[in-house]
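User: I am new to this structure and would like a close look at a single part of it. Please take one sheet, describe how its strands are arranged, and then follow the charged side chains that belong to it.

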Amino acid sequence: MPLTICNWKHGKRWVYSITYDEALVELHKFAVPIHEEYGIPGHVEAVAGHIGEVRNIGNSSYNGFRHMSGEEMRDLIARGWGVGNHSWSHQNIAPDMVDRELRQAREVLEEAIDGPVDLYCSPGNNTNMADHVLAACRDYGYLGAMSLTDALNRPGGELFWLNRTALHDHYYEPFHSEFDPYRNIRHAQEDGGWVIDYCHCPLEEPVHPNKDCSEAQLRRRFETVLSEGGDVWCAVPEEALFYHLTRRHTQIETLADTPEEKRYRLTLNGLSDRVTCRTLTLDTEIPAPWCRNPVVSVNGKSRPATLLKPGILRVTVDIENGMELGFSG
């Protein structure tokens with residue numbers, strides 16, 4: 001087996017993320033403590049034109065709730081969370097609105113959180129995943145876009161149509177349903193996929209049962225992900241996105257393949273500068289005698305690796321353009 005890149009970091013079987021549309025301040029009371037208890041990071045989708053303001057958008061069920069301020073979002077980032085752009089106004093984005101909704105909104109968010117915003121999250125419904133919106137996302141340098149389609153994301157999938165699973169008390173008619181804490185977990189395990197849950201602001205009771213879950217349901221979802229999920233990587237969407245992109249843009253060149261040494265050069269081809277975490281997990285086959293005391297080197301410097309099973313070595317490294325990775329025994 002040549003040197004191969006694992007589908008997910010640390011060779012995990014599947015990935016779990018969770019997002020909260022609107023970035024409402026009540027998350028600090030009702031959701032953040034549950035995240036802290038279970039060690040699962042979260043992600044808020046902020047409406048840039050309403051940062052720190054009381055929500056007043058159309059006939060929204062969340063009118064009267066307050067959007068987080070920059071300081072409150074920075075507190076989440078310090079806890080390992082992420083922030084995405086949920087547009088400037090939460091309206092349907094016409095072609096002449098993309099500059100304000102995508103470029104200006106991101107600039108305002110980045111200033112508020114003092115950090116990058118790499119993900120766009122469609123407000124309302126998939127109308128805001130229209131071709132002109134996604135084209136603008138690419139032009140403005142976003143790394144991905146999140147939809148409202150309930151499906152898995154897969155290692156080779158489209159990053160400008162990321163699917164999200166509705167973590168809601170029940171669905172709109174005519175597709176009546178009930179809350180399912182197991183939703184898409186087995187599917188993700190079997191296909192090696194990535195589940196991105198979405199809801200809004202879980203309280204004691206859902207604000208809108210077709211758009212949200214309760215805090216008790218959120219807790220049960222986390223318990224189920226960790227108890228039934230097995231070999232799962234819990235990550236903010238940017239982490240999984242960075243891994244996706246680094247894997248896609250890494251080329252492997254074999255420099256030596258002898259009974260004494262295996263050595264490879266890794267080259268990054270066209271990877272965006274916005275990908276700030278470039279860590280990959282790689283597997284390679286080694287001769288049986290090397291398994292007793294395997295030696296791994298990165299640019300000539302030794303580092304630890306894991307003997308995954310007899311004859312297979314696994315290493316997780318930060319990728320640099322032109323780096324050399326060597327194995328011996």
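Analyst: The model shown here is a predicted one, and the part chosen for this closer look is an open sheet of five strands, whose pairing is antiparallel and whose order is β10-β11-β17-β13-β14. In general, the strands of a sheet pair through backbone hydrogen bonds, either parallel or antiparallel. At the edges of this sheet stand β10, covering residues 250-257, and β14, covering 301-302; each has a single partner strand, so one side of each is left without a neighbour in the sheet. At the β14 end, two bridges join that strand to β13, which spans residues 295-298 and runs antiparallel to it, and here V298 stands opposite K301 of β14. At the other end, helix α8, made of residues 237-249, lies across β10 and β11 (262-268), and it runs at about 50° to β10.

Turning to the charged side chains, R265 and E324 form a salt bridge in which the closest N and O atoms are 3.6 Å apart. This pair links distant parts of the chain, since R265 belongs to strand β11 and E324 to strand β17 (residues 323-328), with their positions 59 residues apart in the numbering. R265 has a relative accessible area of 26% and is therefore partly exposed, and E324 is likewise partly exposed, with a value of 26%. Both residues take part in a network of salt bridges that also links E253, E261 and R263. For the model as a whole, the count of salt bridges comes to 23.

Technical notes: Residues numbered from 1 in each chain as written. Predicted model: local features only at pLDDT ≥ 70, side-chain atom pairs only at ≥ 80, totals over all residues. Heavy atoms only, no water. Pairing = 2+ DSSP bridges. Helix = DSSP H or I, 4+ residues; strand = E, 2+ residues; numbered from the N terminus. Contact = heavy atoms within 4.5 Å. Axes fitted to C-alpha atoms, helices over the stretch in contact; angles between N-to-C directions. Salt bridge = Lys/Arg side-chain N within 4 Å of Asp/Glu carboxyl O. Buried < 20%, exposed > 50% of the residue type's maximum accessible area, 1.4 Å probe, protein only.
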